[in-house]
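Welcome! Open the structure in your viewer and follow along, one selection at a time.

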Amino acid sequence: MTAAHPARLPSPRGGTDEVVAGTTVDHLTETYRTHYRSLLGLAALLLDDTASCEDVVQEAFIRVHSARRRVRDRDKTLAYLRQTVVNLSRSTLRRRILGLRLLSKPMPDMASAEEGAYDRLERDSLIKAMKGLQRRQREVLVLRYFADMTESQVAETLGISLGSVKAYGSRGIAALRVTMEAAK
């Protein structure tokens, strides 16, 4: 089969009247042998590492092989390969740039799964210990530390004196400390 004549395939009715245009596998294989290095050089001018260049050139041949029937003029096979190498190199660079942009953003300060599980256990222990406090101690601690109120605001909210808020708060913390230490 020569490059000037397209392949003729047998028609379902017998005979060979169906003409198939496009690059043949043999022609693409020969193009690979002849032009692989020059295409690798083209990719090297666009990319910065050998592995990426080789990947791009290999992918270009795979894509042109898959679309070889659409390459009507076999003499343009190399041109299609060159354009595919350029396009794949651009895509590779875009992915790298996007990756670098994502890496440059600091990761949120999130706990690992183990730390999250440990924090949850501590929180559950704290809630259980809080439920064991006297009602007024629990109210004072919740308003003071979880609602972030001042001692004066807690006293006003609960309708008790500032001295009582301090007393309930210190006794509640002491009771929590004992309960939490026993839980460890």
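A pocket, as the word is used here, is an open set of grid points where protein lies on both sides within 12 Å along at least five of seven lines. Keep in mind that this is a predicted model.

**Stop one: the largest pocket.** Select Leu126, Met130, Leu141, Tyr145, Phe146, Ile173, Leu176, Arg177, Met180, Glu181 and Lys184, and you have the lining of the largest pocket. The space they line has a volume of about 170 Å³. What kinds of residues make up this lining? Eight are nonpolar, three are charged and no polar ones appear.

**Stop two: the helices around the pocket.** Now colour α4 (113–131), α5 and α7 (162–183), since at least two lining residues come from each of them. Which helix gives the largest share of the lining? Look at α7, which contributes five residues.

**Stop three: α5 and α6.** Stay with α5, residues 135–146, and add α6, residues 151–158. Their axes lie 9 Å apart, and the two helices pack at an angle of about 130 degrees. Angles between 115 and 145 degrees fall in the oblique class, so α5 is oblique to α6. The crossing of α5 past α6 is right-handed.

**Stop four: where the two helices touch.** On α5, select Arg136, Glu139, Val140, Leu143 and Arg144; on α6, select Glu151, Val154, Thr157 and Leu158, which they meet. In this contact you will find four nonpolar residues, four charged ones and one polar residue.

Conventions. Residues numbered from 1 in each chain as written. Predicted model: local features only at pLDDT ≥ 70, side-chain atom pairs only at ≥ 80, totals over all residues. Heavy atoms only, no water. Axes fitted to C-alpha atoms, helices over the stretch in contact; angles between N-to-C directions. Helix = DSSP H or I, 4+ residues; strand = E, 2+ residues; numbered from the N terminus. Parallel < 35°, antiparallel > 145°, perpendicular 65-115°, else oblique. Left-handed = near helix turned anticlockwise from the far one by under 90°. Contact = heavy atoms within 4.5 Å. Nonpolar A, V, L, I, M, F, W, Y, C, P; charged D, E, K, R; others polar. 1 Å grid on protein atoms, 1.4 Å probe; cavity = no way out; pocket = protein on both sides within 12 Å on 5 of 7 lines; lining within 4 Å. Points joined across faces, edges and corners; volume = space filled by probe spheres on them.
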